[in-house]
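User: I would like to go through this model step by step. Please keep the answers short.

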Amino acid sequence: MNPKPNSIFWIVQDNLVTKAVHETNIQYAEKAGLKTLGTEVFAGATRNFQGPILKVRAAQPDIIFISSFDAVSVPLLQQMRQLQVKAMDVHHIMANGSLARQADLEGVTGEVYWHEALGGPYSELAREVLKAADIKLFDYLWTMGRMDAYLVMIQAIERAGAVDREKVAAELRKPGATWKRPGGEFQFSEGGLSQIVSFTHQMQKGEPVVVWPPEHATGKMIWPSSTWK
Amino acid sequence: MTTILIQLLIGGILLGGLYALIAFGLSLIYGVARVLNFAHGTLLAIAGIAASLMFAAWGLNPILIAALLFPIFFGFGWLMYVYLLDPLKKRNSMQATVGTVLVTVGLLLIISDLAAQIAGPTSVNIRLPVDVFILQGIIVSTTDLYILLGIAALTLALHLILTRTWFGLAVRSVTQDSTGARICGVRAGAIHAATVAFGSAIVAIAGVLYVLNYPVNPYEGFGLTVKAFTIIILGGIGNLPGALLAGIFLGVAEALTGFFWSSDWAPGLSIILLLVILIVFPQGFLSRRAT
């Protein structure tokens with residue numbers, strides 16, 4: 001990346017999921033040589049984000065990483081724009097759902113777990129379901145997760161050979177078992193969390209464009225982000 | 001540091017002013033009709049959702065949206081009092097108090113679920129085109145200015161209504177001495193209904209102002225009601241100037257907590273304050289009965 005980012009600031013919602021995502025990504029940031037300039041944890045009920053935003057502005061990080069659910073960070077992004085925060089990239093782990101309807105999302109990068117343009121197992125089924133339900137994947141954060149859960153249950157029942165609660169549970173708990181989902185295969189961790197591949201996207205002219213990995217990219221990443229100058 | 005402090009004060013006053021608007025209605029309703037309306041914050045959330053839907057569908061000016069919602073919520077408040085709350089007054093004091101809590105909490109649950117069914121459970125807001133003014137590093141957006149103007153105008157209008165109109169006089173007389181007011185020809189029952197209706201209509205305008213800066217979902221109302229309770233206890237029940245000061249105090253305290261301590265603690269501050277005030281200052285800091 002040119003120019004190369006050197007620093008990162010974490011803004012994290014006080015929630016088990018978002019904290020776990022933050023902790024995982026700290027390791028990647030360290031490997032990439034990014035220096036952490038600060039971490040601000042906020043409660044889900046926060047509406048006035050001026051305190052954390054002023055801290056971010058003072059730290060002047062190259063990357064701002066927001067690990068939060070979509071709805072609670074609508075005012076965060078709005079206030080970041082109003083207070084003219086500058087960075088090479090603002091990354092939001094759930095840059096869709098409630099945020100998808102916000103103009104403030106323009107130029108923000110995020111993560112999607114599948115995209116209509118991607119292939120993979122059950123992709124055709126996923127497209128059919130989305131079309132039949134008249135659902136725009138990007139507007140509904142949990143659509144893909146729920147579809148994944150349904151597909152995993154089908155596979156578990158097929159492998160168990162019966163609709164038997166104990167046998168299906170045993171299949172799901174098998175260490176090292178690999179499961180198929182649109183976008184690729186995945187395994188469950190020891191604690192039962194799914195470890196699925198995500199695709200980085202960037203909002204460009206109101207539309208999500210998959211920018212990484214290169215083999216699945218549907219467009220080029222704008223770096224540094226033109227909307228956070 | 002001065003710039004940061006002023007910036008934090010602006011944000012705190014903005015949010016605190018909105019908290020105060022929520023508390024005005026609740027304070028008025030409790031001060032006059034003695035109704036603890038647990039659904040009050042939910043009415044704000046519903047008004048905010050309705051406003052954002054109207055803005056998205058028809059692109060209406062928020063002032064016009066507020067003007068449309070005011071009579072609707074006034075009517076809803078009136079019906080709520082006449083059909084749900086007034087019948088409870090025929091019961092004994094204990095039953096009436098418990099009944100009021102049950103009815104308003106039940107109403108909160110029903111209207112939250114209805115709104116989620118109709119409009120969806122996700123948060124919505126109104127995003128106006130924004131310009132910013134920068135003075136010595138302090139940034140104020142046009143949306144912030146609209147909200148501040150709205151808070152000031154509504155506070156002034158409410159003050160004038162309560163001090164310069166027959167309705168305000170009647171409200172104050174019923175609050176001070178219900179029997180005396182009746183002897184003088186004031187229909188206390190109608191004043192109670194009108195106050196609940198008026199309080200509900202005020203929160204509708206507060207809802208429109210709120211969604212200009214902050215998103216709401218149908219289930220968010222109860223948290224706002226708790227903040228409003230904190231404010232009226234801090235400012236003194238029935239004391240509107242006290243509620244305004246208390247709202248701003250809470251908003252600024254949350255903003256300063258978010259910067260100097262941790263954002264994680266800021267939303268919980270109202271609960272901590274509520275407990276401290278109830279123990280140390282049970283009459284509130286400003287316990288004058290203004291209404």
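User: In what order do the elements of chain B run from the N terminus on?

Analyst: This is a predicted model. Chain B holds 11 helices and two strands. Read from the N terminus, the order is α-α-α-α-β-β-α-α-α-α-α-α-α.

User: Why is chain B said to be as compact as a globular protein of that length?

Analyst: The C-alpha atoms of chain B fill a box of roughly 60 × 45 × 35 Å along the principal axes. For 291 residues the globule rule gives 19 Å, and chain B is close to that value, so it counts as compact as a globular protein of that length; its radius of gyration is 19 Å.

User: What share of the residues in chain B is buried?

Analyst: A residue is buried when its relative accessible area is under 20%. Of the 291 residues in chain B, the buried share is 55%.

User: How many residues does each chain give to the contact, and what area is buried between chain A and chain B?

Analyst: Chain A gives 28 residues and chain B gives 32 residues. Carbon and sulfur atoms give 50% of the buried area, which is about 2400 Å².

User: Which residue of chain A forms a salt bridge with B:Arg127?

Analyst: The count of salt bridges between chain A and chain B is two. In the one formed by B:Arg127, the closest N and O atoms are 2.6 Å apart, and the partner is A:Asp104.

User: Which elements of chain A give two or more residues to the side that touches chain B?

Analyst: By class, that side of chain A has 10 nonpolar, 10 polar and eight charged residues. The elements that give two or more residues are strand S2 (35-42), helix H2 (50-59) and helix H3 (74-82).

Note on methods: Residues are numbered from 1 along each chain as its sequence is written. Chains are lettered from A and ligands numbered from 1 in the order in which they are written. This is a predicted model: local features need pLDDT of at least 70, side-chain atom pairs count only at pLDDT 80 or more; totals for chains, interfaces and linings use all residues. Side-chain values use heavy atoms; hydrogens and water are left out. Contact means heavy atoms within 4.5 Å. Buried area is the accessible area (1.4 Å probe) that two parts lose on being put together, summed over both. A salt bridge is a side-chain nitrogen of Lys or Arg within 4 Å of a carboxyl oxygen of Asp or Glu. Helices (H or I, at least four residues) and strands (E, at least two) are DSSP runs, numbered from the N terminus. Ala, Val, Leu, Ile, Met, Phe, Trp, Tyr, Cys and Pro count as nonpolar, Asp, Glu, Lys and Arg as charged, and the others, Gly among them, as polar. The radius of gyration is taken over C-alpha atoms; the globule rule is 2.2 Å times the number of residues to the power 0.38. Buried means under 20% relative accessible area, exposed over 50%, partly exposed in between (1.4 Å probe, protein chains only).
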